[in-house]
There are 2 protein chains.
Amino acid sequence: MPAMEVNPDLQKERNTATFDPNEFSVFWAGGADKYKEKKALEKMFLEDPALNDEVPTSYMSHKELYENSLRKACLIGEKIRELRANGEDGVDTYNALLGGSLGAALVKEGNPIALHYVMFVPTIMGQGSMEQQVEWLSKAWDCEIIGTYAQTELGHGTFLRGLETRADYDAQTQQFVINTPTLSAYKWWPGGLGHTANHAVVVAQLYTKGEFRGLAPFIVQLRDTDTHMPLPGIDIGDIGTKLGMKAVNNGYLGLKNVRVPLNNMLMKNQQVLPDGTYVAPKNSVLTYGTMMFVRCALIRDTAQSLAKASTIATRYSAVRRQSPIDPKEPEPQIMEHTTQQLKLFPQIAKAIVFKTTGDGIWNMYNVLSGEIELGNLDRLPEMHALSCCLKAICSADAAAGVETCRLSCGGHGYMDCSNFPTIYGMTTAVCTYEGENTVMLLQTARYLVKVYGQALSGDELVPTVAYINEAIKLKYFVNFDGSLESIVKAFQFVAANKVRVAYEQIEQRRRQGHCTEVAANLSGVFLTGAADLHGRAFLAESAYKELMAVSKTVSPALADVLKVVLELYLVDACLNRIGDFLRFIDLTDADVTKLEMRLESCLKRLRPNAVALVDSFDLHDRVLDSALGAYDGNVYDHIFESTKKNPLNKEPVNEAFHKYLKPFMKAHL
Amino acid sequence: MPAMEVNPDLQKERNTATFDPNEFSVFWAGGADKYKEKKALEKMFLEDPALNDEVPTSYMSHKELYENSLRKACLIGEKIRELRANGEDGVDTYNALLGGSLGAALVKEGNPIALHYVMFVPTIMGQGSMEQQVEWLSKAWDCEIIGTYAQTELGHGTFLRGLETRADYDAQTQQFVINTPTLSAYKWWPGGLGHTANHAVVVAQLYTKGEFRGLAPFIVQLRDTDTHMPLPGIDIGDIGTKLGMKAVNNGYLGLKNVRVPLNNMLMKNQQVLPDGTYVAPKNSVLTYGTMMFVRCALIRDTAQSLAKASTIATRYSAVRRQSPIDPKEPEPQIMEHTTQQLKLFPQIAKAIVFKTTGDGIWNMYNVLSGEIELGNLDRLPEMHALSCCLKAICSADAAAGVETCRLSCGGHGYMDCSNFPTIYGMTTAVCTYEGENTVMLLQTARYLVKVYGQALSGDELVPTVAYINEAIKLKYFVNFDGSLESIVKAFQFVAANKVRVAYEQIEQRRRQGHCTEVAANLSGVFLTGAADLHGRAFLAESAYKELMAVSKTVSPALADVLKVVLELYLVDACLNRIGDFLRFIDLTDADVTKLEMRLESCLKRLRPNAVALVDSFDLHDRVLDSALGAYDGNVYDHIFESTKKNPLNKEPVNEAFHKYLKPFMKAHL
């Protein structure tokens with residue numbers, strides 16, 4: 001479609017914004033250098049016509065979709081080779097191209113070789129011995145072999161100890177014999193496993209000298225490197241279509257007496273000697289670290305999802321006109337409806353808060369990693385507890401927020417050309433992978449109940465839970481004056497009390513004779529509630545600290561906007577948990593009404609800058625890939641244009657008319 | 001797949017249930033006769049192999065999916081002809097076959113000729129004059145012509161007055177000239193419009209003698225009845241892929257000087273005489289009635305969605321074992337985890353309450369229809385207000401409930417073979433069609449604020465809002481003793497206070513100088529909150545009345561179970577709005593803890609009958625169409641079986657390997 005003028009309603013929004021979106025865009029990208037890198041990558045990848053789909057992927061069959069995605073994945077792999085050859089690659093680049101918004105734009109329903117770069121290679125680096133790294137890494141880097149990471153099974157996901165795949169060491173041949181003894185032991189879900197990878201890291205229960213040793217990772221060749229035919233003993237395929245990420249080629253894998261040499265077990269942390277002697281890892285905590293790392297990264301992904309969804313819905317709401325407010329006036333931009341603002345603006349605020357919190361957590365993680373390297377594991381449990389509940393809360397809120405944005409666009413949000421269905425499919429997946437959300441909240445809760453007991457015994461708690469010490473000293477929270485600080489403090493007081501109630505529930509059930517674990521299960525309702533409030537209290541504090549800090553480094557115009565964002569975030573968060581606030585803090589009906597009026601006031605104050613704020617997220621039109629959300633705002637033209645790409649519309653009369661409908665219509669004549 | 005034995009974990013659940021699921025199944029179907037009819041229809045349609053897909057629809061391209069769905073739609077049409085010939089058809093049968101669970105099972109992604117039966121024919125019956133009915137109905141009933149109903153436009157949905165399509169009467173030729181003057185005037189969304197229907201009822205702004213007369217319906221021929229080619233002036237096609245209902249063939253339609261004879265305007269309610277004289281309808285309220293009718297029917301649909309989703313997730317949770325509760329014990333059925341019960345059981349309870357409330361509303365609607373026929377329109381506004389908020393609440397809760405069930409199945413719920421993605425796509429659509437949910441809540445709120453003013457003036461209110469009279473007399477609600485009646489009464493008290501706050505907000509803004517409409521817009525947050533509580537108070541009361549009434553007519557064993565369902569529903573509903581309860585009723589932290597403990601107690605008491613309850617919904621395996629939810633519970637076998645139908649798995653090596661991946665892997669060698 002030729003370039004069009006910007007829709008005048010959208011242009012008006014841009015003309016009247018009170019701050020410079022470019023200033024925010026640079027901050028959002030992580031500084032001027034990263035902003036430049038981002039633009040360069042977008043130019044190199046998004047402007048390549050071979051990476052642009054003529055026919056939108058939603059019209060393809062599952063098979064066509066896979067083939068198209070593999071084609072593009074290989075093109076991207078070629079470009080990555082170029083970047084490597086020029087020394088222009090790096091972790092950020094891989095993340096951007098294979099995960100992130102850019103990656104999702106390039107191979108819309110998922111890149112079937114992404115796991116090769118983001119899991120297979122890093123696992124060899126992290127868990128292979130020096131010799132193993134030498135042996136495998138250059139082949140892997142050069143993509144002579146394509147690997148994936150096979151851990152989850154049909155019968156077991158989050159609970160790793162339940163995995164059934166086993167590797168028995170045969171000292172005579174110096175080989176491991178790997179088996180999936182039952183159907184539920186089949187590996188299930190690894191990306192690219194179906195028809196793409198020819199190698200995998202397979203996680204299995206290790207047995208040597210007839211004794212069980214725990215989990216270990218093995219490099220297993222799956223397919224012939226030349227013919228790509230599955231090797232003997234390998235039962236492999238694609239698990240089928242899904243809600244989202246439809247082209248990832250998630251696979252299944254059954255192994256029947258598959259033998260791999262001794263040296264294919266990754267031996268950096270634990271070893272099996274040729275005679276079968278097992279050398280246990282010095283520190284079992286290290287894998288724990290990787291999971292934390294991934295969860296921290298996911299928090300930033302959820303911010304991106306919200307940024308995309310809120311950009312599309314906000315631009316659409318500036319262009320769409322419907323339903324007069326004042327019957328004497330023409331139909332307004334739907335963004336004038338307060339109820340519409342209430343759907344959109346909190347998502348914008350959450351995008352910003354999740355991003356800054358994600359950055360903060362990332363820094364905490366890096367400090368922690370340094371400490372771990374030095375052998376100091378003190379803050380690991382605290383950080384684990386925090387990353388678990390934040391992963392759960394941010395992913396759940398982001399998924400709900402994407403749907404709120406979609407629904408705010410009415411029927412048009414339901415069309416695939418809005419891109420909401422794809423964004424939702426990717427976002428809601430985060431609620432399940434890398435630790436199912438409820439399991440995550442229960443892990444956090446277990447930690448909170450433990451430290452609550454310590455606090456009762458007078459221990460000083462570590463920083464992220466120190467608010468529990470304070471709350472125990474207070475009986476009532478009296479300083480709720482409505483200031484932002486007081487909302488943050490109130491969140492902490494409420495969280496501490498939720499933890500107290502959960503603690504008391506467990507204690508009560510223990511007194512009734514239940515063991516701690518059964519008592520905890522019976523108190524599940526209370527435990528997840530406590531973990532939820534703990535995470536939200538952290539988010540509130542982090543929002544306050546990070547956004548106030550940023551405000552001091554930017555122009556006054558931008559700082560003013562960020563303060564409205566912060567206030568909106570906190571007031572909205574508080575009202576979303578108002579039951580907990582009223583339960584533990586003495587607030588009146590009038591106090592709540594005041595908070596609700598304040599929410600409305602925040603919406604009104606954000607209104608003039610809503611479009612400029614989403615513009616600041618600086619999402620390329622191809623990244624948004626939405627008829628409703630394009631920068632030029634010509635919504636109806638883009639929607640109509642999308643119908644021209646519909647293969648059904650290539651012929652005025654579909655053959656099914658002649659085959660089925662006409663005979664049916666004429667049958668009784 | 002050959003019949004397998006029932007999974008022993010699932011069989012154990014059935015053996016230990018305390019009531020007879022068949023008794024409930026008959027009640028659920030609407031009595032013994034309807035139960036028999038249902039079984040007969042299932043036999044006739046579900047056991048026809050031609051209506052069974054060899055390859056699941058999720059593997060098809062959009063075009064293949066449409067063609068397959070049209071094929072099946074014509075087969076169903078043939079069978080409907082048989083039923084008619086035998087006098088075995090009826091409104092219930094059409095609804096079951098074209099909407100409902102059975103319809104969804106037969107043509108999984110939507111039947112492209114369903115709108116012909118459920119909108120085109122009924123519109124001619126409802127809005128055509130006797131002569132017009134004679135002219136069109138037999139052709140339509142016999143499917144000599146296939147029609148659809150074209151109202152919504154690209155630029156306007158819920159706000160009908162904004163429609164732009166116009167029909168100008170030309171007295172000289174005695175024809176209407178119909179035009180879509182802009183792109184946004186294009187008709188958008190009608191099912192079957194794309195490539196299936198050859199006629200449509202087109203809703204347009206009527207002009208005669210140069211004057212605007214309001215909306216009117218016109219029968220417009222779209223395609224040649226023989227060649228199916230679009231007629232001159234008709235621009236028509238499929239709007240493209242969507243989140244769900246992917247095979248409905250939703251279409252767009254542009255009209256350019258399309259002429260239809262005078263007699264093609266449906267003239268039962270309003271007329272245009274040959275000279276162009278316009279005769280206005282006697283009663284503009286009648287169309288209002290149709291929308292209400294549809295919304296009432298939707299409430300029952302939401303119950304079906306929840307029944308399907310909760311059946312799948314509950315059976316899966318009885319079979320899946322993971323994560324020990326007590327580390328000394330083996331992994332339990334995941335339904336043993338309290339947090340899992342908390343996800344599933346409230347959805348079962350909601351399915352039952354939405355169904356009985358839907359039935360109750362249906363009866364109210366029928367009484368009301370009778371009154372309207374007699375010219376008594378008194379209860380119309382009340383009923384409109386109620387149907388709007390219930391449509392919004394039940395659809396939103398059902399969509400959220402389906403997702404909760406999906407997420408409770410972890411990664412497996414994300415696979416299309418679980419059927420959750422399709423159920424969600426159908427359920428969430430209800431939030432938008434037949435009146436967007438927020439608009440619905442605002443319509444209810446407008447009514448509530450009006451009657452609140454009347455109550456303040458001392459008027460006695462009509463039955464469904466009479467609780468406002470009572471609440472105005474009370475200053476405090478003191479009788480919250482935890483009995484189920486007191487929860488219902490408390491809901492009403494809280495709802496009345498939410499209405500009060502909304503009323504006061506509008507009044508306050510009017511005093512500040514805003515007109516009523518602007519004041520209402522500024523108070524949007526308060527208004528939707530009030531409408532939400534009004535609907536939930538009605539649901540609570542209805543749940544209590546209907547389930548207590550049913551309990552008296554069934555066996556004591558079933559009555560006991562239904563009472564637990566009722567208690568669970570009410571306690572859960574109350575906790576979900578606990579912020580509102582605490583805001584207006586003086587409850588302590590300990591009171592809330594008690595409610596939470598009671599919730600857990602309800603879960604525990606429902607636990608032994610959870611599988612029997614979902615069995616009672618009596619959903620045929622083909623209706624569930626879920627590897628996770630089949631009656632025999634052989635979850636892993638069914639999942640694995642589904643991979644055998646995946647076209648990607650028909651070949652061990654996909655051609656894309658040779659075309660793209662191999663050259664890429666070997667490129668640098």
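In this predicted model, domain 1 and domain 3 of chain A bury about 1700 Å² between them, with 54% of that area on carbon and sulfur atoms. A good part of domain 1's contribution comes down to three residues: A:Phe27, A:Trp28 and A:Lys108 supply 44% of the area that domain 1 buries against domain 3, more than any other three residues. In terms of contacts, 18 residues of domain 1 of chain A meet 20 residues of domain 3 of chain A. The centres of these two domains, taken over C-alpha atoms, sit 29 Å apart. For orientation, the domain assignment splits chain A into domain 1 (26-111), domain 2 (143-281) and domain 3 (288-640).

Charged and polar pairs also turn up between domain 1 and domain 3 of chain A, with 3 salt bridges and 11 residue pairs in polar contact. On the domain 1 side, α2 (21-29), α3 (32-46) and α6 (100-106) of chain A each put in at least two of the residues that touch domain 3. Helix α3(A) gives the largest share, 6 residues. Sorted by type, the domain 1 residues that touch domain 3 come out as 10 nonpolar, 3 polar and 5 charged. As for a single salt bridge, A:Lys38 pairs with A:Asp618, and their closest N and O atoms are 2.8 Å apart.

The UniProt record (an unreviewed entry) places the feature "domain: Acyl-coenzyme A oxidase N-terminal" at residues 20-146 of chain A. Over that stretch the chain is 70% helix and 0% strand, and the end C-alpha atoms lie 45 Å apart.

Turning to the two chains, chain A and chain B bury about 12000 Å² between them, 62% of it on carbon and sulfur atoms. Here the top three residues of chain A are A:Tyr414, A:Arg583 and A:Phe664, which supply 7% of the area that chain A buries against chain B, more than any other three residues. The contact count is 147 residues of chain A with 147 residues of chain B.

The interface of chain A and chain B holds 16 salt bridges, and 62 residue pairs are in polar contact between the chains. Helix α4 (residues 62-85) of chain A brings the largest share of the chain A side, 11 residues. By type, the chain A residues that touch chain B divide into 62 nonpolar, 46 polar and 39 charged. Across the two chains, the side chains of A:Lys662 and B:Asp226 join in a salt bridge at 3.8 Å, N to O.

Key:
Residues are numbered from 1 along each chain as its sequence is written. Chains are lettered from A and ligands numbered from 1 in the order in which they are written. This is a predicted model: local features need pLDDT of at least 70, side-chain atom pairs count only at pLDDT 80 or more; totals for chains, interfaces and linings use all residues. Side-chain values use heavy atoms; hydrogens and water are left out. UniProt positions are given in the numbering used here, feature names are shortened, and annotations may be inferred rather than shown by experiment. Helices (H or I, at least four residues) and strands (E, at least two) are DSSP runs, numbered from the N terminus. Domain bounds come from an automatic or database domain assignment. Contact means heavy atoms within 4.5 Å. Buried area is the accessible area (1.4 Å probe) that two parts lose on being put together, summed over both. A salt bridge is a side-chain nitrogen of Lys or Arg within 4 Å of a carboxyl oxygen of Asp or Glu. A polar contact is a pair of N or O atoms within 3.5 Å; within protein, one must be able to donate a hydrogen and the other to accept it, and residues adjacent in sequence count only if both atoms are side-chain atoms. Ala, Val, Leu, Ile, Met, Phe, Trp, Tyr, Cys and Pro count as nonpolar, Asp, Glu, Lys and Arg as charged, and the others, Gly among them, as polar.
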